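Visitor: Hi, I have a new model open and would like someone to walk me through it. Can we look at it together?

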Amino acid sequence: MGMDELVEINFEFHPDFRSCFLTLDPVEIIQKIELTANVDIHPGKTLLFLDEIQESPQALKALRYFYEKMPALHVIAAGSLLEFLMDAERIFSATVISYRLGIVNTAICRRSHARPA
């Protein structure tokens with residue numbers, strides 16, 4: 001079962017996508033992304049890649065709700081500067097989220113001793 005489609009959002013290059021994450025409801029977020037990017041997103045078939053997510057803290061916060069409310073949607077988030085966004089106390093919780101949601105960030109993974117659940 002492979003991915004048929006990739007939707008990539010780079011918050012550094014396309015800051016207008018931040019407005020899609022004013023809500024935490026993943027269904028509304030996906031609808032806004034589809035309208036903004038003129039794409040169709042199909043859970044189970046589409047990989048949603050959120051690059052430079054540190055540029056949109058609200059998008060980072062919303063990742064939890066994608067896992068809880070849209071588990072069929074494949075989401076990967078990456079952020080080269082995530083470590084600088086979070087304080088030391090929050091790094092652990094972000095790393096735990098990363099194992100469940102597929103956040104790619106070596107800076108966070110290097111600093112944590114957490115293991116996948």
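Guide: Happy to, and we can go from the overall picture down to single residues.

Visitor: What kind of model is this, and what is its average pLDDT?

Guide: This is a predicted model. The chain averages a pLDDT of 77, and 66% of the residues score at least 70.

Visitor: Where is confidence lowest, and where is it highest?

Guide: Helix α5, residues 106-111, has the lowest confidence, with a mean of 38. Helix α1, residues 26-37, has the highest, at 97. Over residues 91-117 the pLDDT is below 50, and this stretch has 42 contacts in the model beyond near neighbours in sequence.

Visitor: How should I read a stretch with low pLDDT?

Guide: Predicted coordinates should not be read in detail where pLDDT is low.

Visitor: Good to know. How many helices and strands does the chain have?

Guide: There are 5 helices and 3 strands. Going along the sequence, the pattern is β-α-β-α-β-α-α-α.

Visitor: And how much of the chain is buried?

Guide: Of the 117 residues, 41% are buried. The accessible surface of the chain is about 6,900 Å², and carbon and sulfur atoms account for 55% of that.

Visitor: What share of the contacts joins residues 24 or more positions apart?

Guide: Counting contacts with a separation of 6 or more, 70% are between residues 24 or more positions apart.

Visitor: Let's go inside. Which residues touch the most other members of the largest nonpolar core?

Guide: Those are Phe21, Ile33, Leu48, Leu50 and Phe66, in a core of 22 residues. At least two core residues come from each of β1, α1, β2, α2 and β3 (74-77). Helix α2 gives the largest share, 5 residues.

Visitor: Tell me about Leu50. What does it touch?

Guide: Leaving out residues up to four places away in sequence, Leu50 touches Ile9, Phe11, Phe21, Leu63, Val75, Ile76, Ala77 and Ala78.

Visitor: Now the helices. How do the axes of α1 and α2 cross?

Guide: They come within 9 Å and cross at roughly 110°. Because 65 to 115 degrees counts as roughly perpendicular, α1 is roughly perpendicular to α2.

Visitor: Which residues meet there?

Guide: From α1, Pro26, Ile29 and Ile30 meet Ala62, Tyr65, Phe66 and Lys69 of α2. Pro26 also gives a useful distance: its C-alpha is 9.2 Å from that of Tyr67, although the two are 41 residues apart in sequence. Tyr67 is in helix α2 and is partly exposed, at 40% relative accessibility.

Visitor: What about Asp25, where is it?

Guide: Asp25 sits in the loop between β1 and α1. With 28% relative accessibility, Asp25 is partly exposed. Asp25 and Phe66 are 41 residues apart in sequence, with their C-alpha atoms 8.1 Å apart in space.

Visitor: Switching to backbone angles: which sign of phi do most residues other than glycine have?

Guide: Most residues other than glycine have a negative phi.

Visitor: So what is the phi of Asn38?

Guide: Asn38 has a positive phi of about 55°, although it is not a glycine. Glu52 also has a positive phi, near 55°, and is a residue other than glycine.

Visitor: Is each of them buried or exposed?

Guide: Asn38, in the loop between α1 and β2, is exposed because its relative accessibility of 72% is over the 50% cut-off. Glu52, in the loop between β2 and α2, is buried, with a relative accessible area of 11%.

Visitor: Where is Ser56, and why does it count as buried?

Guide: Ser56 is in the loop between β2 (46-51) and α2 (57-69). Ser56 counts as buried because its relative accessibility is 3%, and buried means under 20%. Setting aside neighbours within four places in sequence, Ser56 is in contact with Phe11 and Arg18.

Visitor: One last residue, Glu8. Which strand is it in, and what does it touch?

Guide: Glu8 is in strand β1, residues 5-10. Not counting residues up to four places away in sequence, Glu8 touches Phe49 and Asp51. Glu8 is partly exposed, at 46% relative accessibility. The C-alpha atoms of Glu8 and Ala37 are separated by 9.6 Å, with their positions 29 residues apart along the chain.

Notes. Residues numbered from 1 in each chain as written. Predicted model: local features only at pLDDT ≥ 70, side-chain atom pairs only at ≥ 80, totals over all residues. Heavy atoms only, no water. pLDDT = per-residue confidence, 0-100. Helix = DSSP H or I, 4+ residues; strand = E, 2+ residues; numbered from the N terminus. Contact = heavy atoms within 4.5 Å. Buried < 20%, exposed > 50% of the residue type's maximum accessible area, 1.4 Å probe, protein only. Areas by Shrake-Rupley, 256 points an atom, 1.4 Å probe, with all protein chains shown as cover. Core = buried A, V, L, I, M, F, W, Y, C linked by side-chain atoms within 4.5 Å. Axes fitted to C-alpha atoms, helices over the stretch in contact; angles between N-to-C directions. Parallel < 35°, antiparallel > 145°, perpendicular 65-115°, else oblique.
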